[in-house]
Every structure is written in C-alpha cells, then in structure tokens.
Amino acid sequence: MTEEKILGQNSQTRKILPFISLSKSAIWSDAAVPQNPLPGLYIDGNRPKAPNDIPLTHPDSFLTTFHMHCLMTYLRSLAPLDKYTRPLTTFEQVINHKTLPQHGISTLYGVLQNLSPSTPSYVVKWETDLHQTFTEEEWTQMFTFATQCFTATRAQETAYKLLSRWYRAPSTIATYSAATDASCWRCGAQRADLLHVWWSCPVLQPFWTLVHDAISKISDSPPSYTPAAMLLHHTPFSLDTYRNSLDIRLLNAAKAVVPRHWKSPIAPTFREWLDELQHIRDIEDLLHQSSSTTAKHMRHWFYWSKPACSPLTIQ
Ligand SMILES: [Zn+2]
C-alpha cells in the first residue's frame, strides 16, 4: 500500500510527511486498512484514536507512536480534528456519490436555495431605512410585484434591482474606499444613502411629486406618497387587484428612468417618464395584440387612454 492510500492524494501531505512511507508497513496492517481510509479510522471526535483501536501491525511500538504524533500534528495544523469527522453536508453527499444523482440539477438548485438565508439581507436594511416593519405576507407581495407582475422586463428589472438594493449609494461605496466621496451627486448632501438618492434627495423630489400628482388624477386609490408605496409597491390591495392596476405600470415607469441619470446632477423629467410609459404600453400592445387578452389589456390602460387623462392634459 502506498502512502497516498493512507493519507489521500494530497501532494502536500506526501511532501511534508515523506518519512511515513519509509516504514508504512510498521504502521498499517495492509490487510486491515480499507482501500480509501476515511479520517474516522484514526480520529474519534476531536481527538486521535488510541493506536490499539486502529488496525496497526505494531500498535505499541515507539515508531508507531511517533508517526501517529507527526500525523496528528500535521492534521491539527490544517484544521481542528473534529472537522475531519463532521457529518457531510448535502452538497458533499451529492458529490461523494459514485453515480450521478437523479434530477441532479434540481437537487443542486435545492442545495443552493437552502444555503441562502430565508430572509434576504435587504429586508432588514429597508425596514431600518424606512423606520417601518412589514409582515412576511407584505414582503412576499412586494417581492412578487417586483419580479413577476410586469411584461416590460427592463422596467421590471429596475424594480427588482431597487428592491434588492443592487444599486450602490455614495455612503455604501465610501465604506469600500475612504478616498471616495460619500456625498450626493445631485445636492451634495453628506453620507447620501440609497433612500436619499432614490427618494428624499431635494433635486429628485419634484419628479416624484409630479408622478404622484399624475397618478392621483387618474387613479381611484392612488398609492400613498411614501417611499414604501412609491418605490417598493407596498399597497393595501390584493395581489391580483394591484398587478392589474395602472398604478404598478406608472410607478415602474418612473423607477425605470431614475437610473438613467445616475451620478448626474440632473433629475429625470416628466417627459422622460411619459416616454417610458409609452414604451411599456407599446410592449403590452404587441403582447396582447394577437391574444385573447386584449380586453384585459385595454382595461389596464383605460384611464390613461381617456382624453381627459391623456399625458398632455396631465402635464
Ligand atoms: Zn441629494
């Protein structure tokens, strides 16, 4: 038996403990040692097994004791002994299988999903920023609005990026580098965080006010003028009611134009918002044109299409 079989295929192990190979027959009983000995063969929990508990040819010899001491010293230098015999993780069990698992991709996807905490980190950060807590149902609903309720994928992507705090505010970037300016690129406010650059910045506030005024003129139940409602789609309405409303389209269009002026002192204009809305409507027109959902689509945009509510009238 070679030392690789005893200590594994690690070349560094072979380099550090060459002397083990000199008298391996004195340590291991070739007949008793399995082909691929696992650490549990010579480690019990967080300590080495006694030589008499290991299948050794001469367990009581000085040389055996010396080699075992060298081996344990080396293993301890790599990791605590109890780490060698810990239960395998699900991923390791999958990898350890000799054959490919059934539904392998689904299995690995499940493993990856379980690695993620059930509550995303951005949930706590938003609640801290907004000084407001939301129930699990409310978060589930906001997550659904930001990921699954919109056909215009570019605007949908912006909504999701904002919810998941993908955008990096000046105050966040400054934590990576002390030389970075942490002030707002629009108003110069110090320590500008995500809520500031997306909502409370005085240069951006007139844009949100215009958007909210426009929505209020054509919506029976406009969203409240809060960052939770305007940025995260926090609404008292049910999932179906809100996803079919005009509000979600108007708000997603507004959010889609804000990053176009990222790191620019200029806020988006009302006209840019209207153009984005028209773009979203064009996409929905195409999608519904040849389907049986045209009537539903027309209902989504009904109030926006009425002459009294036309963009020019609102403006
Ligand atoms: Zn600002």
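**Group meeting: a walk through a helical model**

Let's start with one residue, L231, which is buried because 25 other C-beta atoms lie within 10 Å of its own. For that word, the cut-offs are 20 or more other C-beta atoms within 10 Å for buried, 12 or fewer for exposed, and partly exposed in between, with C-beta atoms placed from the backbone. L231 is found in helix α14.

Before going on, a word about what you're looking at. This is a predicted model, where local features need pLDDT of at least 70, side-chain atom pairs count only at pLDDT 80 or more, and totals for chains, interfaces and linings use all residues. Residues are numbered from 1 along each chain as its sequence is written.

So what does L231 touch? Leaving aside neighbours within four places in sequence, L231 is in contact with L162, W198, W199 and K255. Contact here means that two C-beta atoms, placed from the backbone, lie within 7 Å. L231 also sits 7.8 Å from A159, C-alpha to C-alpha, though the two are 72 residues apart in sequence.

Now let's zoom out. How many helices and strands does the protein chain have? There are 20 helices and two strands. These are DSSP runs numbered from the N terminus: H or I over at least four residues for helices, E over at least two for strands. Of the 315 residues in the protein chain, 21% are buried. And if you take contacts with a separation of 6 or more, 55% of them join residues 24 or more positions apart.

How confident is the predictor? Mean pLDDT, the predictor's confidence in each residue from 0 to 100, is 81 for the protein chain, and 79% of its residues reach 70 or more. Among the elements, helix α3 (residues 18-22) has the lowest mean at 39, and helix α12 (residues 194-200) has the highest at 96. Keep an eye on residues 1-27, where pLDDT stays under 50 and the model has 33 contacts beyond four places in sequence.

On to the core. A nonpolar core is a set of buried Ala, Val, Leu, Ile, Met, Phe, Trp, Tyr and Cys residues joined through C-beta atoms within 7 Å. In soluble globular proteins, nonpolar side chains tend to be buried together. Which residues of the largest core touch the most other members? Out of its 37 residues, they are V211, L250, A253 and A254. At least two core residues come from each of α9 (136-147), α10 (153-163), α12, α13 (205-218), α14 (227-232), α16 (246-257) and α17 (270-289). The biggest giver is α16, with eight residues. Looking at L250, and not counting residues up to four places away in sequence, you'll find I215 and L277 touching it.

Next, helix packing. Two packed helices are described by the angle between their axes and the distance between the axes. Axes are lines fitted to C-alpha atoms, for helices over the stretch in contact, and angles run from 0 to 180 degrees between N-to-C directions.

Take α10 and α16: they pack at about 75°, with axes 8 Å apart. That makes α10 roughly perpendicular to α16 (65 to 115 degrees; under 35 is roughly parallel, over 145 roughly antiparallel, the rest oblique). From α10 the contact uses R154, A155, Q156, T158, A159 and L162, and from α16 N252, A253, K255 and A256. By class, that gives five nonpolar, three polar and two charged residues. Nonpolar covers Ala, Val, Leu, Ile, Met, Phe, Trp, Tyr, Cys and Pro, charged covers Asp, Glu, Lys and Arg, and the others, Gly among them, are polar.

The other pair is α9 and α10, at about 145° with axes 7 Å apart. Here M142, F143, A146 and T147 in α9 meet A159, Y160 and L163 in α10. The tally for this contact is six nonpolar, one polar and no charged residues.

Finally, two histidines. H103 is not a glycine, yet its phi is positive, about 50°. H103 lies in the loop between α6 (90-96) and α7 (104-115). H233, also not a glycine, has a positive phi near 60°, and its place is the loop between α14 and α15. Is each one buried or exposed? H103 is exposed, with 10 other C-beta atoms within 10 Å, while H233 counts as buried because it has 25 C-beta neighbours inside 10 Å.

H233 also has a distant partner in sequence: T144, 89 residues away along the chain, with C-alpha atoms separated by 9.7 Å. T144 is found in helix α9 and counts as partly exposed, with 14 C-beta neighbours inside 10 Å.
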